[in-house]
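Subject: Handover of a structure

Dear colleague,

Please find below the structure that I am passing on to you. My notes on it follow directly after.

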Amino acid sequence: MHIQQRIKLTASLFALMLMVSCVTVNIYFPAAQVEQRADEIVSKAYEEVEEQEPAEDDQSSLSLSRILAWFGPAEAHASSAVTRGLESEVAANFAQLAPYFDTGNLGFDNQGYIAIRNMDGISMQDQGKVRLLVDKDNKTREELYRAVAEEEGADPSHFDRVKQIFAADWQERAKPGWWVQDGSGGWRQK
C-alpha cells in the first residue's frame with residue numbers, strides 16, 4: 001500500500017502542477033495604441049475649441065489648415081462609427097464648456113473627466129445647464145474610453161489605466177490658467 005500511496009501522491013502533485021501551469025495568464029495592455037488614440041482624440045477636441053475663437057491674424061492659416069485636412073491621410077486607426085460619434089460628441093461638449101475652464105469654474109480631474117470646481121460668476125439659470133452638460137459629457141467620456149479600450153484590445157481590468165492615459169493627455173494640453181487635479185486629488189492651476 002505504501003507504493004500505491006506514493007503513486008497517488010505523485011499523480012496528485014503532477015495534476016496540481018498541470019493546473020497551476022494552465023492558470024498562468026498574461027493579460028496584455030496595449031499602452032502605445034491607447035496613448036496614440038488618446039492623443040488623436042484629445043487633439044481633435046482642442047482643435048475644435050481653437051477653431052471657435054481664431055485669432056484675427058490667424059484666419060488665413062486656419063482656412064488653409066481646414067483645406068489641407070480634406071486631402072490629408074485617413075485616420076491611422078479603424079474607429080467604429082460608434083467611437084467616431086462619441087469622439088465628436090466629446091469634442092462638441094468640450095467646445096461648449098471651454099469658457100468655464102477659462103474662468104476656473106471647471107477643471108480636468110485625475111481620471112479623465114471634467115469636474116465642477118465652483119459656480120462663481122455663473123447665473124442660476126446657466127448653473128443648471130453647466131451641470132447637465134458636465135454630467136452628459138462625463139458619461140460620454142466613459143463610453144468613449146471603454147470603446148477605445150475595446151477597439152485596442154485592452155482587457156476590461158485595465159480600464160483605470162485607459163482613463164489615466166486620457167486624463168494625462170487632457171491635462172497636458174490644458175491652457176495656462178486652467179485647473180487640473182493631481183494624483184492625490186489636489187487642484188493646481190496650470
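What percentage of the 190 residues of the chain count as buried? The figure is 36%. Please bear in mind throughout that this is a predicted model.

**Overall make-up**

The chain contains six helices and four strands. Read from the N terminus, the order of its elements is α-α-α-α-β-β-α-α-β-β. About 11900 Å² of the chain is exposed, and 57% of that area comes from carbon and sulfur atoms. Among contacts with a separation of 6 or more, 69% join residues that lie 24 or more positions apart.

**Helix packing**

Three helix pairs deserve a description, and helix 4 takes part in two of them, with helix 2 and with helix 5.

Helix 2 (residues 31-52) packs on helix 4 at an angle of about 40°, and their axes are 9 Å apart. With angles under 35 degrees counted as roughly parallel and 65 to 115 as roughly perpendicular, helix 2 and helix 4 are therefore oblique to each other. The crossing of helix 2 with helix 4 is right-handed. By class, this contact of helix 2 with helix 4 comprises nine nonpolar, two polar and four charged residues. On the side of helix 2, the residues that take part are Arg37, Ile41, Lys44, Ala45, Tyr46, Glu48, Val49 and Gln52. On the side of helix 4, they meet Thr83, Glu87, Ala91, Ala92, Phe94, Ala95 and Ala98.

Helix 4 (residues 81-102) also packs against helix 5 (residues 124-151), here at an angle of about 145° and with the axes 9 Å apart. The contact of helix 4 with helix 5 has eleven nonpolar, four polar and eight charged residues. Helix 4 passes helix 5 in a left-handed crossing.

Helix 5 in turn packs with helix 6 (residues 159-173), at an angle of about 115° and with an axis separation of 10 Å. The crossing of helix 5 with helix 6 is right-handed. The residues of this contact of helix 5 with helix 6 fall into seven nonpolar, no polar and four charged. Helix 5 contributes Arg141, Glu142, Tyr145, Arg146, Val148 and Ala149, which meet Phe159, Val162, Lys163, Phe166 and Trp170 of helix 6.

**Two individual residues**

Lys163 belongs to helix 6. Is Lys163 buried or exposed? Its relative accessible area is 11%; since buried means under 20%, Lys163 is buried. Beyond its neighbours within four places in sequence, Lys163 is in contact with Gln111, Gly112, Tyr113 and Tyr145. Tyr145 is also one of the helix 5 residues in the contact with helix 6.

Ser79 lies in the loop between helix 3 (59-71) and helix 4. The relative accessibility of Ser79 is 8%, so Ser79 likewise counts as buried. Which residues does Ser79 contact, leaving aside its neighbours within four places in sequence? They are Arg37, Arg84, Glu87 and Glu151. Arg37 of helix 2 and Glu87 of helix 4 appear in the contact of those two helices as well. Ser79 and Glu151 are 72 residues apart along the chain, with 7.5 Å between their C-alpha atoms.

I should be glad to hear your comments once you have looked through the model.

With kind regards

Notes
Residues are numbered from 1 along each chain as its sequence is written. This is a predicted model: local features need pLDDT of at least 70, side-chain atom pairs count only at pLDDT 80 or more; totals for chains, interfaces and linings use all residues. Side-chain values use heavy atoms; hydrogens and water are left out. Axes are lines fitted to C-alpha atoms, for helices over the stretch in contact, and angles run from 0 to 180 degrees between N-to-C directions. A crossing is left-handed if the near helix is turned anticlockwise from the far one by less than a right angle, and right-handed if clockwise. Ala, Val, Leu, Ile, Met, Phe, Trp, Tyr, Cys and Pro count as nonpolar, Asp, Glu, Lys and Arg as charged, and the others, Gly among them, as polar. Angles under 35 degrees count as roughly parallel, over 145 as roughly antiparallel, 65 to 115 as roughly perpendicular and the rest as oblique. Contact means heavy atoms within 4.5 Å. Buried means under 20% relative accessible area, exposed over 50%, partly exposed in between (1.4 Å probe, protein chains only). Accessible areas come from the Shrake-Rupley method with a 1.4 Å probe; for residues, only the protein chains shown count as cover.
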